[in-house]
Amino acid sequence: MSNDTNMREFEAGIQTNLSERDNYGGYLCLDQLLTAQKPLSEPPHHDEMMFIVQHQTSELWLKLIVHEVSAAIEHIRHQRLDVASKILARVKQIQKQLFEQWSVLETLTPSEYMQFRGVFGHASGFQSVQYRTVEFLFGNKNKKNLLVFPENSESRKTLESVLNSPSVYDVFIIYLHEQGYNIPQQLVERDWSLPHVFNEELLQTFVEIYKTPNKHWDAYALCEQLVDVENSFQMWRFRHMKTVERIIGFKQGTGGSSGVGFLRKALDLTFFPELFQVRTEL
């Protein structure tokens, strides 16, 4: 029996006369993207390609989070909380992709990793400009984290700008102040390079919002989106820690940190403390 019919028809309307920039690969710059994986092990170790792709794709998702959260901040500034909520809902889905990616890296066994770990020297995710930007946008501010980026470099300048700007939570608090909510003045005029610290008066404002959500729906909805985003981020942090523990145990990290112990400390950091404490108060 002939297999000639086991083929989809090539439709006459499909475009074939395409310029280099007009086609799929050109639009996505795949010639650059797919040649950016340059393993250093010699002879090449099979698993190094996976390791590189894992981290490169993570950087792409982080780039999108920076893009989305920056937009959400602008919408909150212009009192468009509904649009900001929709954007943060997308951020949660991006975070889900980042979370699930750990399952790929977890297929790397300790013995496999040790065969190429030394080739990338002191390179570490701690040095990711985009990861640090995301943390700063969410409010986890720490000026000392800039020290791993060369002074006067574009990376350092980018991070300094975000460090010294209000986080998404700060902008939301400023919005509430402008709308007449009881917000302490020290929360709307402060040094933005410092992390937000729990404030009892702000907590009581959120208690009011949560007790009568229909009266404060836009603010209430945004609060819940922020809670979801922080939960997702904390889950990502935990999965990161457990993946590192699984692959290298309690060895020192390549960037000089204590490794698992250093990652575990991050689990105690919070972006929006009042939004979690309000649940105890209700």
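**Exercise 1. Charge balance.** How many positive and negative side chains does the chain have, and how far apart do the centres of the two sets lie?

*Solution.* The model is predicted. Count the charges: there are 28 positive and 35 negative side chains. Then locate the two centres: they lie 4 Å apart.

**Exercise 2. Overall build.** What is the secondary structure of the chain, and what does its C-alpha trace span?

*Solution.* Start with the elements: twelve helices and zero strands. Next, the extent: the C-alpha trace spans about 75 × 55 × 40 Å along its principal axes. Then burial: 42% of the 282 residues count as buried. Now the contacts with a separation of 6 or more: residues 24 or more positions apart account for 69% of them. Last, the surface: the chain exposes about 16,500 Å², and carbon and sulfur atoms supply 54% of that area.

**Exercise 3. A nonpolar patch.** Which residues form a nonpolar patch on the surface?

*Solution.* The members are Tyr-24, Tyr-27 and Leu-28. Together they have about 400 Å² of accessible area. Take Tyr-27 as the example. Tyr-27 sits in helix α1 (residues 24-27). The relative accessible area of Tyr-27 is 62%. Exposed means over 50%, so Tyr-27 is exposed.

**Exercise 4. Salt bridges.** By the rule used, the count is eleven salt bridges. Work through three of them, starting here: where do Arg-77 and Glu-74 lie?

*Solution.*

1. Arg-77 pairs with Glu-74, with 2.5 Å between the closest N and O atoms. Both residues belong to helix α3 (residues 46-77), three residues apart, about one turn of the helix. Arg-77 has 40% relative accessibility and is partly exposed. Glu-74, at 35%, is also partly exposed.

2. Asp-228 pairs with Lys-92; the closest N and O atoms are 2.8 Å apart. Asp-228 lies in helix α10 (residues 217-248) and Lys-92 in helix α4 (residues 81-105), so this bridge ties together parts 136 residues apart in sequence. Asp-228 is partly exposed at 29% relative accessibility.

3. Glu-135 pairs with Arg-132, the closest N and O atoms being 2.7 Å apart. The two are three residues apart in helix α6 (residues 129-138), or about one helical turn.

**Exercise 5. Burial and a network.** Are Glu-135 and Arg-132 buried or exposed?

*Solution.* Read the relative accessible areas: 3% for Glu-135 and 4% for Arg-132. The cut-off for buried is under 20%. Glu-135 is therefore buried. Arg-132 is buried too. Finally, follow the shared partners: salt bridges join Arg-132, Glu-135 and Arg-237 into one network.

Notes. Residues numbered from 1 in each chain as written. Predicted model: local features only at pLDDT ≥ 70, side-chain atom pairs only at ≥ 80, totals over all residues. Heavy atoms only, no water. Helix = DSSP H or I, 4+ residues; strand = E, 2+ residues; numbered from the N terminus. Buried < 20%, exposed > 50% of the residue type's maximum accessible area, 1.4 Å probe, protein only. Contact = heavy atoms within 4.5 Å. Areas by Shrake-Rupley, 256 points an atom, 1.4 Å probe, with all protein chains shown as cover. Lys, Arg positive; Asp, Glu negative; His and termini not counted. Charge placed at Lys NZ, Arg CZ, Asp CG, Glu CD. Patch = residues over 30% accessible without salt bridge, like charges linked within 9 Å, V, L, I, M, F, W, Y side chains within 5 Å. Salt bridge = Lys/Arg side-chain N within 4 Å of Asp/Glu carboxyl O.
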